[in-house]
Amino acid sequence: MMTAKMPPEKTVVIGQTKVAYYEQGTGETVLLLHGWPQTSYVWRKVFPELAKRYHVVALDLPGLGNSGTPLSYDTKNIATIVNEFAEHLGAEKFHLVGHDVGAWVAAAYALHFGNRLRTVTIMDAGIPGVMPAEVFQPENSAKIWQFYFHAVEELPEFLIQGKEKEYLAWYFSKKSYIKTAIIEKDLKVYYKAYKGKEKMKSGFDYYRAFSESASQNKAVASSIKIPVLAVGGQYAMANQVGVAMQKIATNVKSESIGSCGHYLPEEQPQKVVELIDEHIQSNISR
């Protein structure tokens, strides 16, 4: 059985933003970025295994978890904070892994600061500026409705306040395939992290900056040259992640994890560890 535990929290102030992070292990640096509506806790099953072989760091995205609020939520700005954080770690070259909104940031980082990376892994996410327009059609409403709802000013906070736990529980249930991957004690962790209007607003602000993030990504003239691992869950984005990343990257390996929904690190942690390890090891000399 895989250990499901994170190391003690650390904090550092990057610019004007407090960044909470978790660090363990030695060797090549692997930086993990979580998505919404989660925190670095999403990596609890993956982190201990990777830390046996690598220097693993997971940070709470600015505005989420225990990290402070950034000046703006567009992914170029968040990637800039991540870059300064990497400098704080002393990581001249490292491997970046992002899931969901964390993958938005990871893709933006690879576009703007790719020279700092050895590899990047994009996990089950619709990257701003890369998702095909046909995805945003009524027939796909079950998968993309949140991009609209979360982007509306004030309304989602107003409707969800006081119902955060119920909303998150519904969200995890609908988007997972393995329903036991996120249990009651895990839900309580996420509920605590997102309870209250301001906490929910910070998460929604990533969606409100989606169009700006898309414009920023489209404005980058060069493509991502470093090795990209694009991973989707069989019952979520599957191989669509790889198809999308091929638009902005020249060296993409695509994988679809079977018997898995959207929450790859929690639903299929062993497979996630294997794929990340294989990706790093095959490109270790870069």
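In this predicted model, a search of the whole structure finds 22 aromatic pairs. One of them is formed by W36 and F204, whose rings are tilted with respect to each other, at 5.8 Å centre to centre and 40° between the planes. W36 belongs to the loop between strand 3 (29–33) and helix 1 (47–50), whereas F204 belongs to helix 8 (residues 197–208), so this pair ties together parts of the chain that are 168 residues apart in sequence. Both W36 and F204 are buried.

A further aromatic pair joins F172 and Y263. The ring centres of F172 and Y263 are 5.3 Å apart and the planes stand at 75°; because planes over 60 degrees apart count as edge-to-face, the pair is placed in that class. This pair, too, links distant parts of the chain: F172 sits in helix 6 (residues 164–175), and Y263 in the loop between strand 8 (252–257) and helix 11 (264–267), 91 residues apart. Both F172 and Y263 are buried.

Ring pairs also assemble into a cluster, whose members are W36, W104, W145, F147, F149, Y167, W170, Y171, Y194, F204, Y207 and F210. W36 and F204, the tilted pair described above, are thus met again among the members of the cluster.

W36 leads on to the backbone. Most residues other than glycine have a negative phi, and most peptide bonds are trans. The peptide bond from W36 to P37, however, is cis, with omega near 5°. P37 is located in the loop between strand 3 and helix 1.

Two residues other than glycine carry a positive phi. For E154, phi is near 70°; E154 is found in the loop between helix 4 (141–149) and helix 5 (155–160). With a relative accessible area of 60%, E154 is exposed. For S259, phi is about 50°, again positive although the residue is not a glycine. S259 lies in the loop between strand 8 and helix 11, the loop that also holds Y263. The relative accessibility of S259 is 35%, and S259 therefore counts as partly exposed.

W104, a member of the aromatic cluster, also takes part in a helix contact. Helix 2 (residues 75–89) and helix 3 (residues 101–113) pack with their axes 8 Å apart and at an angle of about 75°. The two helices are therefore roughly perpendicular to each other. On the side of helix 2, the contact is made by T75, K76, I78, A79, T80, V82, N83 and A86, and on the side of helix 3 by W104, V105, A108, Y109, H112 and F113. By character, the residues of this contact divide into nine nonpolar, four polar and one charged.

Helix 12 (residues 269–281) offers a view of a single helix. Its 13 residues reach 18 Å from the first C-alpha to the last, close to the 18 Å expected at 1.5 Å a residue. The buried residues of helix 12 are P269, V272, V273, L275, I276, D277, H279 and I280. An α-helix has 3.6 residues a turn, so residues three or four places apart point the same way.

The last stop is T17, which lies in strand 2 (residues 17–24). T17 has a relative accessible area of 6% and is buried. Leaving aside residues up to four places away in sequence, T17 touches V12, P62, G68, T69, P70 and I81.

Terms used: Residues numbered from 1 in each chain as written. Predicted model: local features only at pLDDT ≥ 70, side-chain atom pairs only at ≥ 80, totals over all residues. Heavy atoms only, no water. Axes fitted to C-alpha atoms, helices over the stretch in contact; angles between N-to-C directions. Helix = DSSP H or I, 4+ residues; strand = E, 2+ residues; numbered from the N terminus. Parallel < 35°, antiparallel > 145°, perpendicular 65-115°, else oblique. Contact = heavy atoms within 4.5 Å. Nonpolar A, V, L, I, M, F, W, Y, C, P; charged D, E, K, R; others polar. Expected span 1.5 Å × (residues − 1). Buried < 20%, exposed > 50% of the residue type's maximum accessible area, 1.4 Å probe, protein only. Phe/Tyr/Trp six-rings, centres within 6.5 Å; stacked < 30°, edge-to-face > 60°.
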